[in-house]
Amino acid sequence: AEVTANSPLIGMLSMLFSNPTLIQADGGELVKYGAHKAILKKSGDNGQELTILMHDAHLIKVTSNGISSDDLLKVFDQACVDRLEKPLGK
C-alpha cells in the first residue's frame, strides 16, 4: 500500500471519483467506504488496484497480485479504512 497525504494534486482526482462514467470507461468500479470513495480495477493479468480517496486530501493506493478483487476487498474493508483514517485525519 502507498499513501499520499495532503497533496494539492489529490483535489483534482476528486472529480474523477465523482464521475462513474469516467471510472467505468477506465475499466474500474466505484467502491464506497462510508464518506470515502475508492476505485477498484484490474491491473495486469492477475492483479488488482484499489485507490481510496479520503477527505479529498489523502490517497491510498493498494496494488495486489494473485488474489481476487473480493479477497482484496476483504482485507481492505470498512474497518481497515477506519483505522487508516484515524492517523491521517482531515
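Biologist: Which helices and strands each supply at least two residues of the lining of the largest pocket?

Modeller: This is a predicted model, where local features need pLDDT of at least 70 and side-chain atom pairs 80 or more, while totals for chains, interfaces and linings use all residues. Numbering starts from 1 along each chain as its sequence is written, and side-chain values use heavy atoms, leaving out hydrogens and water. Helices (H or I, at least four residues) and strands (E, at least two) are DSSP runs numbered from the N terminus. Two or more lining residues come from each of helix H1 (8–17), helix H2 (20–25), E3, E4 and E5.

Biologist: And which one gives the most to that lining?

Modeller: A pocket is an open set of 1 Å grid points where a 1.4 Å probe fits, with protein on both sides within 12 Å along at least five of seven lines; lining residues have an atom within 4 Å of a point. There are 13 lining residues here, with Leu16, Asp26, Ile39, Lys41 and Thr51 nearest the centre. The top contributor, with 3 residues, is H1.

Biologist: Ile39 caught my eye; which other residues share its core?

Modeller: A nonpolar core joins buried Ala, Val, Leu, Ile, Met, Phe, Trp, Tyr and Cys through side-chain atoms within 4.5 Å. The largest one has 13 residues, and Tyr33, Ala38 and Leu50 are among those with the most contacts inside it. E2, E3, E4, E5 and H4 each put at least two residues into it. Apart from that lies a core of 6 residues, and Ile39's companions there include Ile10, Phe17 and Ile23.

Biologist: Is Gly28 buried or exposed?

Modeller: Gly28 sits in strand E2. Leaving aside neighbours within four places in sequence, its contacts (heavy atoms within 4.5 Å) are Ile23, Ile39, Leu40 and Lys41. Gly28 has 12% relative accessibility, and the cut-offs are under 20% for buried, over 50% for exposed and partly exposed in between (1.4 Å probe, protein chains only). So Gly28 counts as buried.

Biologist: How far apart are Gly28 and Lys41 in space, C-alpha to C-alpha?

Modeller: Along the sequence, Gly28 and Lys41 are 13 residues apart. In space, their C-alpha separation is 4.3 Å.

Biologist: Which strands stand at the edges of the sheet?

Modeller: The open sheet runs E1-E5-E4-E3-E2, with antiparallel pairing (at least two DSSP bridges). E1 pairs with E5 (residues 58–65) over 4 bridges, and one of them matches Thr4 with Leu59. Two strands have a single partner each, so one side is left without a neighbour in the sheet: E1 (2–5) and E2 (28–33).
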